[in-house]
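Student: I would like to go through this model and ask, for each term used, what justifies it.
Tutor: Put the structure up and start with the helix contacts.

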Amino acid sequence: MPGIPMRSGGSKARIAVIPGDGIGAEVTPQAVRVLKAVCASGNRALEFVEFDWGADKYLREGVTLPPGAVELLRDEYDAILFGALGDPRVPLNQHAADILLGLRFKLDLYVNARPVELLHDRLTPLRDRTEKDIRLIVFRENTEGLYVGVGGVFKQGTPDEIAVQEDVNSRKGVERIIRYAFEYARQNRLKRLCMSDKSNAMTFAHGLWQRVFKEVRQEYTDIDSRHLYIDTLAMEIIRDPRQFDVIVTCNLFGDIISDLGAQLAGGLGLAPSGNIHPGKTSLFEPVHGSAPNIAGKGIANPLGSVLTSAMLVEFLGWKPQAAAIRAAVRAALRENYVTPDLGGNRSTVEVADWLVQLVGKADFAEQLK
Ligand SMILES: NC(=O)c1ccc[n+]([C@@H]2O[C@H](COP(=O)([O-])OP(=O)(O)OC[C@H]3O[C@@H](n4cnc5c(N)ncnc54)[C@H](O)[C@@H]3O)[C@@H](O)[C@H]2O)c1
């Protein structure tokens with residue numbers, strides 16, 4: 001996928017690592033190993049500091065996001081590599097909401113970038129589709145919408161119970177994500193942009209998306225931009241994914257359509273994402289969750305986290321390192337050196353070992369000069 005805007009062009013960076021729960025704690029250390037190997041070959045220095053925020057800490061100490069955490073990350077780190085949060089022992093996953101949504105909102109990470117890129121033909125469930133057909137990016141608004149937690153319940157536990165969840169959309173919030181998507185398309189010479197909403201039914205909230213889209217697109221006449229309702233987009237992306245380069249949408253629809261996209265490109269185990277505020281400390285995480293059903297078995301696919309680390313170094317402005325990581329992942333897929341979710345029989349650590357030795361080889365290192 002083409003580049004994401006960078007934070008800095010320096011050769012050193014500080015990375016906060018939050019492995020989290022379940023398979024997050026299994027795949028994240030493996031992505032760190034790959035990052036260390038690729039940076040060692042390419043004369044880049046990454047300093048990693050690990051934070052143990054997650055279910056265990058919450059159950060032990062009652063702490064989710066410790067006081068001062070947001071300021072610490074904002075002021076002292078260039079980026080955050082995040083695993084996943086979610087634990088069946090924690091009712092309603094309160095810790096996950098506090099930590100992940102807390103960081104997204106408090107660091108104002110308004111862009112959720114989710115590339116959907118088929119890296120090997122055999123991985124898509126769509127018949128007769130190849131790598132060149134599935135190559136797009138979803139930009140999901142990440143700080144507003146139905147996820148802000150405005151609402152409440154009335155007469156809870158009675159037959160008359162009412163639950164309300166408000167969809168919050170600000171002019172500023174809608175404009176900045178739409179503008180970001182257009183800028184991304186222009187900078188990466190991508191010709192087609194699709195804004196998706198449900199303005200036919202959600203006339204107030206998504207009427208705002210319509211008005212802003214119509215205004216902003218006038219500044220980007222070099223981009224072929226169009227609108228699709230989210231239900232139509234869900235059909236069209238399956239029928240013919242070649243139509244799409246850049247998709248921009250609200251928090252809820254972006255959450256759903258990007259998981260659908262992840263499946264088109266090989267499944268959740270492979271999907272990376274970035275929670276970005278251009279120029280500021282940003283957070284990178286695989287799209288998948290903590291997968292309690294396979295946690296502790298050593299079979300979680302580390303490639304989603306490894307591809308996430310490629311997005312992270314790209315954000316630092318280290319394009320050759322990002323390209324090297326992606327090339328190594330493609331090689332693992334070609335060789336079928338993969339975990340069971342992709343049809344292989346390798347463990348999480350075996351896949352990472354293979355990637356580490358590959359990026360450490362002389363010809364790989366040569367590409368990084
Ligand atoms: N960003 C996050 O931290 C995040 C995202 C989604 C879900 N969650 C949380 O994770 C927990 C589990 O949620 P879920 O089951 O709906 O989603 P999930 O992504 O954890 O798992 C969905 C399915 O995909 C499989 N899967 C996911 N990642 C995989 C990988 N790397 N390798 C192999 N298989 C993989 C799982 O085994 C499972 O069958 C819940 O508590 C949920 O709230 C967290």
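Student: Which residues of α1 and α11 meet in this predicted model?
Tutor: From α1 they are E26, V27, Q30, R33, V34, A37, V38 and S41, and from α11 they are T348, V349, A352, L355, V356 and V359. A pair counts as in contact if the C-beta atoms lie within 7 Å.

Student: Why is α1 called roughly parallel to α11?
Tutor: Helix α1 (residues 24–41) and helix α11 (residues 348–359) pack at an angle of about 5°, and their axes are 9 Å apart. Angles under 35 degrees count as roughly parallel, so α1 is roughly parallel to α11.

Student: How many residues of the contact of α1 with α11 are nonpolar, polar and charged?
Tutor: Nine are nonpolar, three polar and two charged.

Student: What makes α7 roughly parallel to α8?
Tutor: Helix α7 (residues 230–239) packs with α8 at an angle of about 10°, the axes being 11 Å apart. The limit is again under 35 degrees, so α7 and α8 are roughly parallel. I230, L233, A234 and I237 of α7 make the contact with F253, I257, L260 and G261 of α8.

Student: How do the residues of the contact of α7 with α8 divide by class?
Tutor: Seven are nonpolar, one is polar and none is charged. The polar residue is G261, because Gly is counted among the polar residues.

Student: Why are β2 and β9 said to stand at the edges of the sheet?
Tutor: The sheet is open, with ten strands in the order β2-β1-β3-β12-β11-β4-β5-β10-β8-β9 and mixed pairing. β2 (45–50) and β9 (224–229) each have a single partner strand, so one side of each is left without a neighbour in the sheet. From one strand to the next, the twist averages 25°.

Student: How do you know that β8 and β10 pair?
Tutor: Pairing needs at least two bridges. Strand β8 (residues 192–197) and strand β10 (residues 246–249) are joined by four, and they run parallel; the two strands therefore pair. C194 stands opposite I247 in β10.

Student: What does helix α8 touch on the sheet, and what is its direction relative to β5?
Tutor: Helix α8 (residues 251–264) touches β4 (111–117), β5 (135–141), β8 and β10, and its direction makes about 155° with that of β5. Angles over 145 degrees count as roughly antiparallel, so α8 is roughly antiparallel to β5.

Student: Where do the domains lie along the chain, and how many residues are in contact between them?
Tutor: The domain assignment gives domain 1 (1–118 + 268–369) and domain 2 (135–264). The C-alpha centres of the two domains are 25 Å apart. In the contact, 21 residues of domain 1 face 22 residues of domain 2. On the domain 1 side, α4 (94–106) and β4 are the elements that give two or more residues, and β4 provides the largest share, seven residues. By class that side has 14 nonpolar, three polar and four charged residues.

Student: Which residues are closest to the ligand?
Tutor: G86, G269, H288, G289 and N301 are the closest of the 22 residues that surround the ligand. The shell has eleven nonpolar, nine polar and two charged residues.

Key
Residues are numbered from 1 along each chain as its sequence is written. This is a predicted model: local features need pLDDT of at least 70, side-chain atom pairs count only at pLDDT 80 or more; totals for chains, interfaces and linings use all residues. A residue is near a molecule or strand if its C-beta atom, placed from the backbone, lies within 6 Å of it. Axes are lines fitted to C-alpha atoms, for helices over the stretch in contact, and angles run from 0 to 180 degrees between N-to-C directions. Two residues are in contact if their C-beta atoms, placed from the backbone, lie within 7 Å. Angles under 35 degrees count as roughly parallel, over 145 as roughly antiparallel, 65 to 115 as roughly perpendicular and the rest as oblique. Domain bounds come from an automatic or database domain assignment.
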